[in-house]
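Work through the three exercises below with the structure open. Try each task before reading its solution.

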Amino acid sequence: ATHNLLLLPGDGIGPEIMTEVKKVISWFNARGGDTFESDEGLVGGAAYDAHGQAISEEDMAKAMASDAVIFGAVGGPKWDDVAYEHRPEAGLLRLRKDMELFANLRPAICYPALADASSLKKDIIEGLDILIVRELTGGVYFGEPKEITDLGNGQKRGVDTQVYDTYEIERIAKVAFELARTRNNKVTSMEKRNVMKSGVLWNEVVTDTHNNGYEDVQLEHMLADAGGMQLVRWPKQFDVIVTDNLFGDMLSDVAAMLTGSLGMLPSASLGAPDAKTGRRKAMYEPVHGSAPDISGTGAANPIAMIASFGMALRYSFELVEAADMLDKAIANTLDKGLRTKDIAAAGEATISTAEMGDAIVAELDAL
Ligand code: NAI
Ligand code: MG
C-alpha cells in the first residue's frame, strides 16, 4: 500500500532533523513493500512569515487528508513579538484541535548503549520499554469554570475544573487497550478515585470498556501518586499506562527522564478512527522544541524525529517489522558509540545531525 504523509518541518532545528527523516523514508521506499508519498507544508514561524498565519488553510486541509502528519518543531525568538493568535504554537494547537488528537503517546525506551551513561541505577532502566497514553483534550486544562474571581475581602480565588465525560474516558481507554495488544498486553490505569469524583468515573469507565471486548488485555488500576512512585522505583513493571491530561503531563515527563535526553524522545498523538478506513488521524513529533540555541550548527540530534516516524510505522501503518528494524538501526548506531553532542559523555567524540542520519540509514542497510 501507499501511505500519504504530510511533512511539517517548522522552525529552528525542525527542518534540519526533517532532512534526516526524509533519508529514512527514502530508504523504506527503495526497499519496496509499503511505500510513502510525502507532501510538505509550512507550520509555525515559517508559515507566519509566508502566509501571516501559523498554518495556512491549504496545509491544514492537507493535514486532515493525510494518513499521518510528521511534525518537526515550531517557535523561536524571531516570532516573540507576533500577535498571540499568530504565534508559532498556534499552528500546533490548531492541528491538535482540528484533527481531534485526544490521545498522546509518549514511549520511554532505554537504549542499551545509553543505560551505562545514565545517572540512574542501570538495573532499573536497562531494557525499559513502556508507553504512557495521556488524555490530551479534556480534564482540568480545559474544564469550565476556569477563572480567577475577586472575593472582595482582599482575597482572590483561582478555579480550574476537572471534567471528564464517559465518551472521553472510553475512547482513550480503547486506544490504550489496542496499543497494549501490539505490545505486552498490559494496561495500568491511573487516577485518584480516593479523592476525585472524576477519578471514580475514570476507574468505572476504564473497567467497563475492558469488560466489553478487551478482556484479553491485563488491566490494573493504580492511584496516580502511587503510580508516580512506582514509575521511579521499578518502571519495568509497566507496559502501557493510561491516565488523564494532568497526571499524564507529569508522569510522562518523569518517565522521559528515566531514559535520557530530549533529543531522543519521540511522541504520537492520535484521534478517532475514520468511519470508512478505521485508521486514526495521527501526528508524530519529537517531544523537544525548535532548539534555537543550536539551530544551524549541525548539533541537533535527529533520533527523536526519526523515532517519531518509527512510531508512525508502528501505530498508523501497523508495519511492525519496519518499525522494529528502524529501532534496531538506531540501537546499533548507538552501540557503535556514535553520539551527537547532547548524548555524548564529557570528552567523547561527536558527530553531526547529518552524520547521525546517514549512520542510521547505513545500519538499516546492514540489517
Ligand atoms: P527545546 O526543546 O527547543 O530545547 C531545550 C534544550 O534542549 C536546548 O538546550 C536545546 O538545544 C536542547 N535540545 C532540544 N532538542 C534537541 C535535539 N534534537 N538535539 C540536541 N539538543 C536538543 O525547548 P526550549 O528551549 O524551551 O524552546 C525553544 C523553542 O521551541 C521555543 O520557541 C518554544 O516555544 C519551542 N517549543 C516548541 C515545541 C514544539 O514545537 N512542539 C515544544 C517545546 C518548545
Ligand atoms: Mg509537560
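UniProt positions are given in the numbering used here, and annotations may be inferred rather than shown by experiment. The model itself is predicted.

**Exercise 1.** Find the residues that UniProt annotates as "binding site", then place Asp225 and Asp249 and classify their exposure.

*Solution.*
1. The unreviewed UniProt entry puts the "binding site" annotation on Asp225, Asp249 and Asp253. They spread over 29 residues of sequence but cluster in space, with a largest C-alpha distance of 14.3 Å.
2. Asp225 belongs to helix α9, residues 224-233. Asp249 sits in helix α10, residues 245-259.
3. Now apply the cut-offs: 20 or more C-beta neighbours within 10 Å means buried, and 12 or fewer means exposed.
4. Asp225 has 13 such neighbours inside 10 Å, so Asp225 is partly exposed. Asp249 has 18, so Asp249 is partly exposed.

**Exercise 2.** Describe the shell around ligand 1.

*Solution.*
1. Count the shell: there are 20 residues around ligand 1.
2. Pick out the nearest: Gly75, Gly263, His288, Gly289 and Asn301.
3. Sort the shell by class: 10 residues are nonpolar, 7 polar and 3 charged.

**Exercise 3.** Which residues of helix α4 are buried, and which elements do they pack against?

*Solution.*
1. Helix α4 runs over residues 89-98, and its buried residues are Ala90, Gly91, Leu92 and Leu95.
2. These buried residues pack against helices α2 (45-51) and α3 (57-65), and against strands β3 (68-73) and β12 (280-286).
3. Finish just past the helix: Glu100, just after α4, takes a positive phi of about 50°.

Conventions. Residues numbered from 1 in each chain as written. Chains lettered and ligands numbered in written order. Predicted model: local features only at pLDDT ≥ 70, side-chain atom pairs only at ≥ 80, totals over all residues. Near = placed C-beta within 6 Å. Nonpolar A, V, L, I, M, F, W, Y, C, P; charged D, E, K, R; others polar. Helix = DSSP H or I, 4+ residues; strand = E, 2+ residues; numbered from the N terminus. Contact = placed C-beta atoms within 7 Å.
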